[in-house]
Amino acid sequence: MDQHLAGDTIDVPPPAMRSSGPAAKLMRQMLANPVLAPLVFRPNKLGPKLAGKFADGFKPARIIPALRSYSGVRHRESRTPGGPLTLGRIGSLEVRLARTAAEVRRAQRLRYEVFYEEMSATPAAAARLARRDFDAFDAICDHVLVLDHDAGRVVLGRYEPKVVGTYRLLRHDIAARHGGFYTADEFDIGPMLARHAGRRFMELGRSCVLAPYRTKRTVELLWAGVWAYARHHGIDVMFGCASLEGVDPDALARPLAFLHHYAPTDAEWSAPALPGRGTRMDRLAKEAIDVKAALHELPPLIKGYLRLGAQIGQGAVIDRQFGTTDVFIVLPIERINPRYVEHFGVNAERHAA
């Protein structure tokens, strides 16, 4: 996974930023904020660029996305009503879309707890200070939340159920207008998208569940929410990056080889790792793989994708910041195992609230 955050230090601002105008005042306020400053200014490189930008006046093209990613505020397109907010319920657990910037921030806090505190991701300065995992894509995505209504707390006089699971969803039409998909930073998905120009794609990402809630019930409800969202928006294909923990492909040789030999993409859905970023997955011959052991070593999320009918792309990508080795997952809706469609309901009615 790629955090999409800038570095930990900033340059001295150019003279234009030391004036008394409102733009310069905003710049100084952001420089003084230890969380926002690293999002806006890259280390040791942008002095001349900033001077050029501010010579013609204030240009917020970089600042506004930084503010959105930090605050949890989403782009107006992502705030447009997109169907029912509540997507399903089992007992005290509810799955629904995030409604407010505060709820997006709560999902980011959960991601930080799982990715950085429990697992081996290394936070950039901004994420570490905010104790939230956030990037520019948060502003254009919908965020699916699993809430436990029996484990909440009162905040400012209002009861807030606890966020125990989340998924980040990005629809093709929105991605096309706002810089593309997260997955494109690791895998060459352009040709695949072009081969299926008439289809509606949806990217899945940033999936995590709080450790005490990693049960069949919670995961099933999270998937029920994704399925209900996909059906509502007429999605044809789901895809994204899925991660194996660790950055040594030799240590992951068995599960990587299993995915390569037993779940490869058909040619029409192929999306290889980007040149210079990929590492081989066929590290063992097919006949040398202990299938039972390989399945045991696969993360539950990837096993879940495979049970649904997903296929795996060519080559893996090592993400050292997150301490993971990522593979490309693609799941056309028509290839989902019929028993899972029946289980969740053709129109996601099984867990409807």
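Helices here are DSSP runs of H or I with at least four residues, numbered from the N terminus.

**Figure 1. The largest pocket of the predicted model and its principal helix**. Helix α12 provides eight residues, the largest share of the lining of the largest pocket. This helix spans residues 300-308. The space within the largest pocket comes to about 1,300 Å³.

**Figure 2. Centre and contributing elements of the largest pocket**. In total, 46 residues line the largest pocket, and those nearest its centre are S207, V219, P300, L301 and I302. At least two lining residues come from each of the helices α5 (101-118), α9 (216-232), α12 (300-308) and α13 (338-344), and likewise from each of the strands β4 (158-171), β5 (201-209) and β6 (237-245).

**Figure 3. Residue classes in the lining of the largest pocket**. The lining comprises 27 nonpolar residues, together with eleven charged and eight polar ones.

**Figure 4. The second largest pocket**. Its volume is about 440 Å³. The lining consists of 18 residues, with R106, R109, R153, E160 and V163 closest to the centre of the pocket. Two or more lining residues are given by each of α5, β3 (142-155) and β4.

**Figure 5. Helix α5 and the residue classes of the second largest pocket**. Eight residues of α5 make up the largest share of the lining of the second largest pocket. By class, this lining holds nine charged residues, eight nonpolar residues and one polar residue. Helix α5 also supplies at least two residues to the lining of the largest pocket, as does strand β4.

Methods:
Residues numbered from 1 in each chain as written. Predicted model: local features only at pLDDT ≥ 70, side-chain atom pairs only at ≥ 80, totals over all residues. Heavy atoms only, no water. 1 Å grid on protein atoms, 1.4 Å probe; cavity = no way out; pocket = protein on both sides within 12 Å on 5 of 7 lines; lining within 4 Å. Points joined across faces, edges and corners; volume = space filled by probe spheres on them. Nonpolar A, V, L, I, M, F, W, Y, C, P; charged D, E, K, R; others polar.
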